[in-house]
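Reader: I have a structure open and would like to see how its labels are earned. Could you walk me through the reasoning behind them?

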Amino acid sequence: MKHRDRATEPDDPLRSRLVDLIDMRLVSLKLSELRDWEWFEREWAVFFLPREGQAATHPRLVLGMILPAACIPPGG
């Protein structure tokens, strides 16, 4: 995910930026940097095509929901 340039953001001292709120030491973020996103999107996009009345599901969203569920031990 790309973030906007700081110069284009409003000057609101009370509004925290999302990138400032995320702990960059999280394991999931470290793993996301190692993943070959272009390959994943190219190979898996065909499974998440738009249907009548629905938009296509973004493959990164699907992987983001699958991986944490796969990492949680049963009964945990």
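Author: Gladly; what follows goes through the labels one by one, for a model that is predicted.

Reader: Let's begin with the overall fold. What makes up the secondary structure of the protein chain?

Author: The protein chain has 4 helices and 0 strands. Read from the N terminus, the order is α-α-α-α. Of its 76 residues, 11% count as buried. The chain exposes about 7200 Å², and carbon and sulfur atoms supply 60% of that area.

Reader: Now the charged pairs. Why is the contact between Glu41 and Arg60 called a salt bridge?

Author: Opposite charges on side chains can pair when the charged atoms come close. The N to O distance for Glu41 and Arg60 is 2.8 Å, and the cut-off is within 4 Å, so the pair counts as a salt bridge.

Reader: Where do Glu41 and Arg60 sit in the chain?

Author: Glu41 belongs to helix H3 (residues 37-44) and Arg60 to helix H4 (residues 59-71), 19 residues apart, so this pair links distant parts of the chain.

Reader: How do you know whether Glu41 and Arg60 are buried or exposed?

Author: Neither extreme fits here, because partly exposed covers what lies between under 20% and over 50%. Glu41 has a relative accessible area of 24%, so it is partly exposed. Arg60, at 30%, is partly exposed by that rule too.

Reader: How many salt bridges are there by this rule?

Author: The count comes to 2. Arg42 also forms one, with Glu43, where the closest N and O atoms are 4.0 Å apart. With a limit of within 4 Å, that pair is therefore counted as a salt bridge.

Reader: What makes Arg42 exposed, and how is Glu43 classed?

Author: Arg42 has 53% relative accessibility, and exposed means over 50%, so the label applies. Glu43 has 38%, which lies between the two cut-offs, so Glu43 is partly exposed.

Reader: On to packing. Why is H3 called roughly perpendicular to H4?

Author: Two packed helices are described by the angle and the distance between their axes. The axes of H3 and H4 come within 9 Å and cross at roughly 105°. The range for roughly perpendicular is 65 to 115 degrees, so H3 earns that description relative to H4. The contact is made by Trp37, Phe40 and Glu41 of H3 together with Pro59, Arg60 and Leu63 of H4.

Reader: Which residues form the nonpolar patch on the surface?

Author: The patch consists of Trp39, Trp44, Val46, Phe47, Leu49 and Ile66, with about 620 Å² of accessible area together.

Reader: What makes Val46 and Ile66 accessible enough for a patch?

Author: Patch residues need over 30% relative accessible area. Val46 has 53%, so it passes that limit and also counts as exposed. Ile66 has 41%, so it passes as well, while being classed as partly exposed. Val46 is found in the loop between H3 and H4, whereas Ile66 is in helix H4.

Reader: Finally, which C-alpha separations can I check in my viewer?

Author: Try Val46 and Ala56: they are 10 residues apart in sequence, with 9.7 Å from C-alpha to C-alpha. Another is Ser32 and Gly64, 32 residues apart along the chain, whose C-alpha atoms are separated by 9.3 Å. Ser32 lies in helix H2 (residues 27-34). At 25% relative accessibility, Ser32 is above the limit for buried, under 20%, and not over 50%, so it counts as partly exposed.

Terms used: Residues numbered from 1 in each chain as written. Predicted model: local features only at pLDDT ≥ 70, side-chain atom pairs only at ≥ 80, totals over all residues. Heavy atoms only, no water. Helix = DSSP H or I, 4+ residues; strand = E, 2+ residues; numbered from the N terminus. Buried < 20%, exposed > 50% of the residue type's maximum accessible area, 1.4 Å probe, protein only. Areas by Shrake-Rupley, 256 points an atom, 1.4 Å probe, with all protein chains shown as cover. Salt bridge = Lys/Arg side-chain N within 4 Å of Asp/Glu carboxyl O. Patch = residues over 30% accessible without salt bridge, like charges linked within 9 Å, V, L, I, M, F, W, Y side chains within 5 Å. Axes fitted to C-alpha atoms, helices over the stretch in contact; angles between N-to-C directions. Parallel < 35°, antiparallel > 145°, perpendicular 65-115°, else oblique. Contact = heavy atoms within 4.5 Å.
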